[in-house]
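Student: Could you take me through the largest pocket in this protein, up close? I'd like to know what lines it and what the rest of the chain looks like around that picture.

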Amino acid sequence: MMDFSEALHQLKNGKRVAREGWNGKNMFVVLMPELQLPPYNTQGTERKVNDRTAKWIGEDQPLNCRPYIAMYTARKEWQPGWLASQADMLANDWIVLG
């Protein structure tokens, strides 16, 4: 087991981490890397801004998404922008899941 500083280091190295003290089953956090996509209206591009995002940023705008921490919840849903609580940051029960 490790503290939060080591868990953060593991996140930066592409690992899934979790706390043994979390109540939910199969919960973990990951570091989602930076993502850059060309605009929605780009022709002939496989990966580009989707219509859901283009609605808010415009069809002619590329997506420049900064890295963020996301949690995979007990409900099997992604929660982007997870923030560690005081208890999480002071805990020593962090583990690497892979």
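**A look at the largest pocket**

Tutor: Sure. The largest pocket holds about 190 Å³ of space. Keep in mind as we go that this is a predicted model.

Let's walk around the wall. On the lining you'll find Leu35, Leu37, Lys48, Val49, Asn50, Arg52, Thr53, Leu63, Cys65 and Tyr68. Three elements each put at least two residues into that lining: strand 3 (35-37), helix 2 (51-57) and strand 4 (63-65). Sort the lining by class and you get six nonpolar residues, two polar ones and two charged ones.

Now step back to the whole protein. There are three helices and seven strands, and from the N terminus on they run α-β-β-β-α-β-β-β-α-β. The radius of gyration is 17 Å, well over the 13 Å that the globule rule gives for 98 residues, so the protein is more spread out than a compact globule. Along its principal axes, the C-alpha trace spans about 50 × 25 × 25 Å.

What about contacts and surface? Take the contacts between residues at least 6 apart in sequence: 56% of them join residues at least 24 apart. Of the 98 residues, 29% are buried. The protein exposes about 7,000 Å², with carbon and sulfur atoms supplying 49% of that area.

A few single residues are worth a click while you have the model open. Start with Gln10, which sits in helix 1 (residues 4-12). Its relative accessible area is 15%, under the 20% cut-off, so Gln10 counts as buried. Leaving out residues up to four places away in sequence, Gln10 touches Met2, Lys15, Val17 and Val96.

Then go to the loop between strand 1 (17-19) and strand 2 (28-32), where you'll find Asn26. Its phi is near 60°, a positive value in a residue other than glycine. With a relative accessible area of 61%, over the 50% cut-off, Asn26 is exposed.

Lys76 also has a positive phi, about 65°, although it is not a glycine. You'll find Lys76 in the loop between strand 5 (68-72) and strand 6 (78-80). Lys76 is exposed, with a relative accessible area of 60%.

Note on methods
Residues are numbered from 1 along each chain as its sequence is written. This is a predicted model: local features need pLDDT of at least 70, side-chain atom pairs count only at pLDDT 80 or more; totals for chains, interfaces and linings use all residues. Side-chain values use heavy atoms; hydrogens and water are left out. On a 1 Å grid over the protein atoms alone, a cavity is a set of points where a 1.4 Å probe fits but cannot get out, and a pocket is an open set with protein on both sides within 12 Å along at least five of seven lines; lining residues have an atom within 4 Å of a point. Grid points are joined across faces, edges and corners, and a volume is the space filled by probe spheres set on the points. Helices (H or I, at least four residues) and strands (E, at least two) are DSSP runs, numbered from the N terminus. Ala, Val, Leu, Ile, Met, Phe, Trp, Tyr, Cys and Pro count as nonpolar, Asp, Glu, Lys and Arg as charged, and the others, Gly among them, as polar. The radius of gyration is taken over C-alpha atoms; the globule rule is 2.2 Å times the number of residues to the power 0.38. Buried means under 20% relative accessible area, exposed over 50%, partly exposed in between (1.4 Å probe, protein chains only). Contact means heavy atoms within 4.5 Å. Accessible areas come from the Shrake-Rupley method with a 1.4 Å probe; for residues, only the protein chains shown count as cover.
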